[in-house]
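Dear colleague,

Please find below the structure I am handing over to you, followed by a short account of what was found in it.

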Amino acid sequence: MSVTAPRGFRAAGVAAGLKSTGQSDVALVVNDGPDATAAGVFTANRVKAAPVLWTEQIIRGGVVRAVVLNSGGANACTGSPGFQDTHATAEQTAASLTGSNARLILGAGEVAVCSTGLIGERLPMEKLLPGVRAAVRGLARDGGLAAAEAIMTTDTRSKTTIVPGTGWTVGGMAKGAGMLAPAMATMLCVLTTDAVAGSEALDTALRAACRVTFDRVDSDGCMSTNDTVLLLASGASGIEPTQAELTAAVTSACHDLAQQLIADAEGATKQIAIDVIDAASEDDAVEVGRSVARNNLVKTALFGNDPNWGRILAAVGTTGAAFEPDRIDVAVNGVWVCRSGAAAEDRAKVDLAARDVTIQVRLNAGAEAATIWTNDLSHAYVHENSAYSS
């Protein structure tokens, strides 16, 4: 049931006509629980979409009763009119929810807003606002999957997760197939839990989880203007987990969704894990992994089933990480094709027929490690992004 697996949540997904395909394009997640605490992490792009600017303000209050999301338009680079549209969307959501259920009396300041789609054009409010009202009417405990489908853009499938705790649960949904690069969050994602947790505990858990999951997905090096990850707690279970338990469950949910994102990356034929080991620091390991992940020569070589370790080594050399070039080892799918900065095992031994690829880079400079997830660069990626305006 995705975001509605935890108790205290309802969701819906409806077609409002924002997408020319007629597919669903407005999603709503509502917290009916006794609590309405929340936390959020957002894009570090200096060009932020109107819904990001709005929701950043909402999250500072630590209380969110509803999240309304739309695909079919990003509402980014739309100036003050776009921000007014976001405000109007939140107001319509609050008014419709209050009118449909006397138990929920809320204002626009308790409604987070997320948008995804084409950048630079205003949303058709004459379609979106009726869509919000339809989503309120369609709210249901089993509406999580419909909501997950409504936020898809170039995604080929919806992305959901459920992580059970001891008497409490974390659920989630995400969208993302392109413009997947970190800092934060790499896509739209709503996580829910019926645990009892204050906004500070949620913030701690979410930031720790994002740091080692979404922030290490680097599909195409392109950072979106709309990236948002939200975590809502209803408290409906009556159980308050420890900070460690909450963080572990949220991290597990984020990891699952992150892997689904990279598996659905635009045009990808390879799903690549870059394990950087024996680094002097975790930051060094991340920097090296990200450099390899963003290197187009590496990505195209893997698309062509070529374990070209020279390109990997060259990418490592562009970083500021601590290492000696003549001490680096590289393995591709378990075959150590490079040792001490030079050729080792015959690279013809590397089997790249399968979709999953693992690259190991051993820096021999310390004891720290990190993994970055990426994908290859294919003809299909170029075709899709030349045909789709973003």
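**Helix α3 and two backbone outliers**

On one side of helix α3, Glu126 and Arg137 are exposed, opposite the buried residues of this helix. Please note that the model is a predicted one.

The buried residues of α3 are Met125, Leu128, Leu129, Gly131, Val132, Ala135 and Val136. They lie on the same side of the helix, because the arc they cover around its axis is only 155°. Their packing partners are the strands β1 (9-14), β2 (26-31) and β4, together with helix α2. As for its dimensions, α3 comprises 13 residues, 125-137. From first C-alpha to last, α3 reaches 18 Å, close to the 18 Å expected at 1.5 Å a residue.

Two residues deserve a separate remark on their backbone angles. Most residues other than glycine have a negative phi. Cys77, which is not a glycine, nevertheless has a positive phi of about 60°. This residue is found in the loop that runs between β4 (66-70) and α2 (79-100). Both β4 and α2 are also among the elements against which the buried residues of α3 pack. Cys77 counts as partly exposed because its relative accessibility is 48%, and the range for that class runs from 20% to 50%.

Asn364 is likewise a residue other than glycine with a positive phi, near 55°. Its place is the loop between β14 (356-362) and β15 (368-375). With a relative accessible area of 23%, Asn364 is partly exposed.

With kind regards

Definitions and conventions
Residues numbered from 1 in each chain as written. Predicted model: local features only at pLDDT ≥ 70, side-chain atom pairs only at ≥ 80, totals over all residues. Heavy atoms only, no water. Helix = DSSP H or I, 4+ residues; strand = E, 2+ residues; numbered from the N terminus. Buried < 20%, exposed > 50% of the residue type's maximum accessible area, 1.4 Å probe, protein only. Expected span 1.5 Å × (residues − 1). Arc of directions from axis to C-beta. Contact = heavy atoms within 4.5 Å.
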